[in-house]
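Student: Got a minute to go through this one with me? I'd like to start with what your words mean.

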Amino acid sequence: MKPRVGQTLSSTVDTTTVIVVRAPQQEVTLTCGGAAMVDLRAGGESGNGVPDPAWMTGTLLGKRYADDGLGLELLCTKAGDGALAVDGALLPVKGAKPLPASD
């Protein structure tokens, strides 16, 4: 799939929902809980995936998940039990930007 900015993707194995904040130029495979994520607005079906127990470490509401090398950033709008991955690699939580020193 080639995600696009603003697209809402949902997990097929749990309640996780994300919005694409930054999209890569190439096609990628986005998964949650080991199953492919779908765009429900484009006709994808939820609840038909089989979870992989190894990928059930959870997502956190309001956190951003990013792969800077690919140029991909997702915002979690609904938390769930599955872990987000891109092309088979775990997608880490994006760290906060450090504030400038005030001295």
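Tutor: Sure, burial goes first: buried means under 20% relative accessible area, exposed means over 50%, and partly exposed is in between, with a 1.4 Å probe and protein chains only. By that yardstick Cys32 is buried, with a relative accessible area of 0%.

Student: And what kind of model is it?

Tutor: This is a predicted model, where local features need pLDDT of at least 70, side-chain atom pairs count only at pLDDT 80 or more, and totals for chains, interfaces and linings use all residues. Residues are numbered from 1 along each chain as its sequence is written, and side-chain values use heavy atoms, with hydrogens and water left out.

Student: Back to Cys32, then. How many disulfides are there in the whole structure?

Tutor: Zero, going by a search of the whole structure; a disulfide here is a pair of cysteine sulfur atoms within 2.5 Å. For Cys32, the nearest cysteine sulfur belongs to Cys76, 8.2 Å away.

Student: Why is there no bond from Cys76 to Cys32?

Tutor: Because the two sulfurs, 8.2 Å apart, are too far from each other for a bond. Cys76 counts as buried too, at 1% relative accessibility.

Student: OK, strands. In what order do they sit in the sheet that has β1?

Tutor: The order is β1-β2-β6-β5, an open sheet of four strands with antiparallel pairing. Strands are DSSP runs of E, at least two residues, and helices are runs of H or I, at least four residues, both numbered from the N terminus. Two strands pair if DSSP finds at least two bridges between them.

Student: Which ones are at the edges?

Tutor: β1 (8-10) and β5, each with a single partner strand, so one side of each has no neighbour in the sheet. On average, neighbouring strands here are turned by 30° against each other, direction ignored. For that angle, axes are lines fitted to C-alpha atoms, for helices over the stretch in contact, and angles run from 0 to 180 degrees between N-to-C directions.

Student: How many bridges hold β5 and β6 together?

Tutor: Four, in the antiparallel sense. In one of them, Tyr65 has Leu74 of β6 as its bridge partner.

Student: Which strands make up the sheet with β4?

Tutor: It's another open sheet of four, β4-β3-β7-β8, also paired antiparallel. β4 (35-36) and β8 (89-90) are the edge strands, each with a single partner, so one side of each is left without a neighbour in the sheet. β7 (residues 84-86) pairs with β8 over two bridges, and Val86 stands opposite Ala89 in β8.

Student: Switching to charges: how many salt bridges does the search find?

Tutor: Five over the whole structure, where a salt bridge is a side-chain nitrogen of Lys or Arg within 4 Å of a carboxyl oxygen of Asp or Glu. Arg22, Arg64, Asp68, Glu73 and Lys94 are linked in a network of them.

Student: Walk me along it?

Tutor: Asp68 pairs with Arg22, with the closest N and O atoms 3.1 Å apart. That joins the loop between β5 (64-67) and β6 (72-78) to strand β2 (residues 17-22), 46 residues apart. Arg22 also bridges to Glu73, at 3.7 Å between the closest N and O atoms, which links β2 to β6 across 51 residues. Glu73 and Lys94 then meet at 3.0 Å, N to O; Lys94 is in the segment after β8, so that pair ties together parts 21 residues apart in sequence.

Student: Is Glu73 buried or exposed?

Tutor: Buried, at 4% relative accessibility. Asp68 is exposed at 59%, while Arg22 is partly exposed at 32%, and Lys94 is partly exposed at 36%.

Student: Last topic, the nonpolar core. Which residues have the most contacts inside the largest one?

Tutor: Val18, Leu30, Leu74, Leu84 and Leu91, in a core of 14 residues. β2, β3 (30-32), β6 and β7 each supply at least two residues, and β6 gives the most, with three. A nonpolar core is a set of buried Ala, Val, Leu, Ile, Met, Phe, Trp, Tyr and Cys residues joined through side-chain atoms within 4.5 Å.

Student: What does Leu84 touch?

Tutor: Leaving aside neighbours within four places in sequence, Leu84 is in contact (heavy atoms within 4.5 Å) with a list including Val18, Cys32, Tyr65, Leu74 and Leu91.
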